[in-house]
Every structure is written in C-alpha cells, then in structure tokens.
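Thanks for asking me to look this one over. My notes follow the model, point by point.

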Amino acid sequence: MNTGNARGVLLLSHVGFSFMEDLVGTVAARGLECYVLSSLPEPQHQESRPAALADLAADVHVTAGHVLTPHDVEEHLDRLRATGAEVRCCLTVWEGYRHLMALANARLGVPDLDEKQVLELRDKLTLRNRLADAGLSRGRASALTAETLAERKRDGGRYFVKPVSGIASFGTFPLTADTTWADLERIAAEARSDTVYSSVFTTRPDPGATDRRPPADLATSPETYPGPETTYPDQDVTPGVEFLVEDYVQGREFSFEVVVVDGEPHVVAVHEKCEVTETADTVLEDACVSPPTSLSRDETAAGMRWVGDVLDVLDLAWGCFHVEARHSPSGWDLIEVNPRVGGSLISPSVAALTGGPGLLDLWLDSLLTARRPAGFRTELKRLSYTADGSPQGRHATFFRVFFADPGTIRAVGLNDDLPLPPVLSHILLEPGDVVPRSAREVFLGQVLWSMERADREEILPGLVPASEHAIEIVYEKEHG
C-alpha cells in the first residue's frame, strides 16, 4: 500500500462482506479513499473475496482469523498512520464490530459512542431491566435456564425468548407450551457451528476482552450489519450462547431511524412493520411501510419523545440507531436498540423518503462532521420529523423481504407484472443454491417501492397483495 498523504475512511468487514460495495460507494462519493480491514473469509471465498475488495478499495488487509479483534484494529490504525494516510473515521454495518468501530473512532478523536456503551447495548438482558427500572419498559427479563423455562411455562403468561447477545432474528421466538430445553440447545449448537454468526452470540460481552455474494451468502442476513467468549456460572446452554426470557411486548411493531449529534436526536424515518411472522424458531419481518399508516401524528410524536427518553437514560449522545418498538393502547415499549443502520432496505427507503441521502449517508456524514457539526445538524433537521410527529418529505415507501424455504432452488426471478414498478430489487439467491433448515431466517430477496404520500391510500391496497409474488421461486421436487 502507498497512500501518500491521502484521506480516507477505515471500513470493518466481517469475513469479507458486510455490505462493502455499498459502504465503498458512499465513501467514494465524498472524495475519500477506502481502507478495508476484514476478517478471514470462509474457505469458499478466501481467493475471490479479497481480490474483489482490492478492486474497490485503496487498501485491503485480511486477518488470519474469522473474527476481528481490538488488537487487529489498533495494529491496522498504526499501520495506516505509518504510511501517511489520514483516517477521518471508522465505519461498519456489522453489529458485531460496532464496539471495534467505537474503539477506532476514540483512537482517531472522532465523537462516537464508546466501546463500553456499545457492548452494554448488546446485553439485552441488562438493557431490558435497566429501562424497566427507569419506567420506559413495562416488561422485565431473566436469564433463561432449564428451571426458569419450566417456571414460565407453568405460569401460563406470554413470554419471548432471545439470545442475550445476538443479531438479526436468529433464535428469537415466542415461548409456547411446546418449547423444550432441547430446542434451546439445538439453536445454541447451530449458532456456534456457524462461521459467520458464531462469535456474535457471546454471553455478556466484555468491553475489556482482547482476545458468498453480498448479502446473498446464506450465512449473512440483510441485518446490515462478533468478540471473545466469556462464560458465566449456571450457564446451561452450549458455552458462549446465553438466552433470556422476557415479558412479551404487546402491540404493532415499528422502527425509528435516528441520528444523534452531540446529544440531540433526529428521527429521520419511522417504519411500520405491517407484516410480521412469528415462527417456532424466529421472527420474520416480511414488509414495512413508511411513514406508518396506523399511527396518528400525536402517537408518532409520543413515540419520538419516548425514543428520546430511552437514548437519554442510556446516555447515547452520538451515533445512528435503529430503535425497534411496539405500540399499544398502553403506549410505547422497547424491542431493542441497535447502534447502527437498520437492516434490509431501511437505508434505501430513507433515501427514497428524503429524495436524497439514505441513512448510511447520514451516518457517515455525522462522523465526518462530528468535530464541527453545526452545518450537518441544520441539514439533518430539515430532513427529519418535526416535534409534532410530522414527516417533512412528500414521499412514502413500501418494501417486502422474502425468505427462502429449505430445499434446492430450481429457478428464481423478479415478477414484471406488478401494479407499480419497484425502485430497487435484490435477488440474493440463484438456481442451484441449497437452503438448509435453520433457526435463523434465510433471505431470498427484497423489493422497494416509492410513491407520493398523497397517492398512497390509492396504491397500497393493490400493491401489498401483489407484492407477495414480486419474487417468484421454484424448488426442486424434494422441496415440501
């Protein structure tokens, strides 16, 4: 590498992917170089993927392990500095590396969350109870053991199970009378055997610890975006994977896309998850619409105030957040706080809503301007919801995510007979791909539509059912 006196952004990649093409394009559009630090790809990608990254970035360094460590990041920053490169900031969309991004930005003097805050957000057990103590959640959570599982099943209440520290919807599901301890052991074993996902399922992340086609890889989800394992007493599941059981959160599901600059939160978009499927092993988020169709302006404003209170209690003064919540007649309650852009088509949806920057653009700009944020804050305010719960743009979006069933794919393609042409479509699998049975979702594709908000009530009733067939797939005979 010979960067001279170039300026650029350090991008952290997990096993060679993590939406590098999107990140590189966003960085390059600002006239900056890209410096990619990646963990070792899976065997089938170890030749092709580093070469593909080298064609995109000014510098690519691949480590010897499948998971980046704090030492890898610090050593690489020193290496870049020695070449004369000026690293403006660090960015990643892989949630398992968000604490490493925070570590790098601290080294670079860029305002951001600190490493400890990121790891605390990933501890969903402690987070739930912390917000309950502050009066911001009506539910509580407990570590899931064979004993607590039996107790919850006996009392007949509604509960939800999820990994204490996980990603996407892997291993998240409603507790039922049929749930067994063997189910948890099976999911834990599956998590640990997954090269891409295993290290993200650590138990109680320790801030002091040291040591195939994007995003189509069957082991990589559109959750656009793992760490050393620590074991704890009474951990009954496979070491490194700990589950919690929490009171079931009632209501319709929404997400707030938030950019926080120097303690001031800006809600750029609110998405309503208009179709959610809860299965025995996971939760599938099938379709989203923005702005929400079932919220009044006052309810949206109340949600924004609640989000602000959550961020304030957690002292989250910088960053981009995908805050998932549910709304019921009792008010707002938390699903989780993700310190990153939302997955799937959230960022492109934001771009369609604003008519300009997507959420990834805004996150990068917040980092690049963090030392002098006044001008960016003015632009961000122009794009964001007003305090009374009103969106400022005139557009609306709808997108659908498609999940594959177990089996071998014979044919797959986009349906061109739709009432409204999509503005963006991704088909993530291809003929010949074999979809395994899994406790996590396997993404087939995703399609985004945009429309004038004034026309939405006329368009959506026909588009929503038609969109279910936007991607057509045929499996080999053994399917089903």
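1. To begin with a small puzzle: by about how much of a helix are Glu120 and Lys116 separated in α5? The two are four residues apart in helix α5, so about one helical turn separates them. Glu120 forms a salt bridge with Lys116, with the closest N and O atoms 2.3 Å apart. Glu120 is partly exposed at 33% relative accessible area, and Lys116 is partly exposed too, at 48%. Do keep in mind that this is a predicted model.

2. Now for the overall picture. The chain has 480 residues, and 58% of them are buried. It holds 13 helices and 19 strands.

3. Two further salt bridges are worth a look among the 31 found in the whole structure. Asp78 and Arg107 meet at 2.7 Å, N to O, and they link helix α3 to helix α4, 29 residues apart. Asp112 pairs with Arg98 at 2.8 Å. Because Asp112 sits in the loop between α4 and α5 while Arg98 belongs to helix α4, this pair ties together parts 14 residues apart in sequence. Asp112 is buried at 12% relative accessible area, and Arg98 is buried at 1%.

4. You may also like the salt-bridge network that links Arg128, Arg138, Lys162, Glu246 and Asp333.

5. Finally, the interior. The largest nonpolar core has 63 residues, and Leu11 and Trp363 are among those that touch the most other members. Helix α11 gives this core its largest share, seven residues. Another core, of 28 residues, lies apart from it and includes Ala102 and Leu334. Beyond its sequence neighbours within four places, Leu11 contacts residues including Met20, Cys34 and Leu91.

Notes. Residues numbered from 1 in each chain as written. Predicted model: local features only at pLDDT ≥ 70, side-chain atom pairs only at ≥ 80, totals over all residues. Heavy atoms only, no water. Core = buried A, V, L, I, M, F, W, Y, C linked by side-chain atoms within 4.5 Å. Buried < 20%, exposed > 50% of the residue type's maximum accessible area, 1.4 Å probe, protein only. Contact = heavy atoms within 4.5 Å. Salt bridge = Lys/Arg side-chain N within 4 Å of Asp/Glu carboxyl O.
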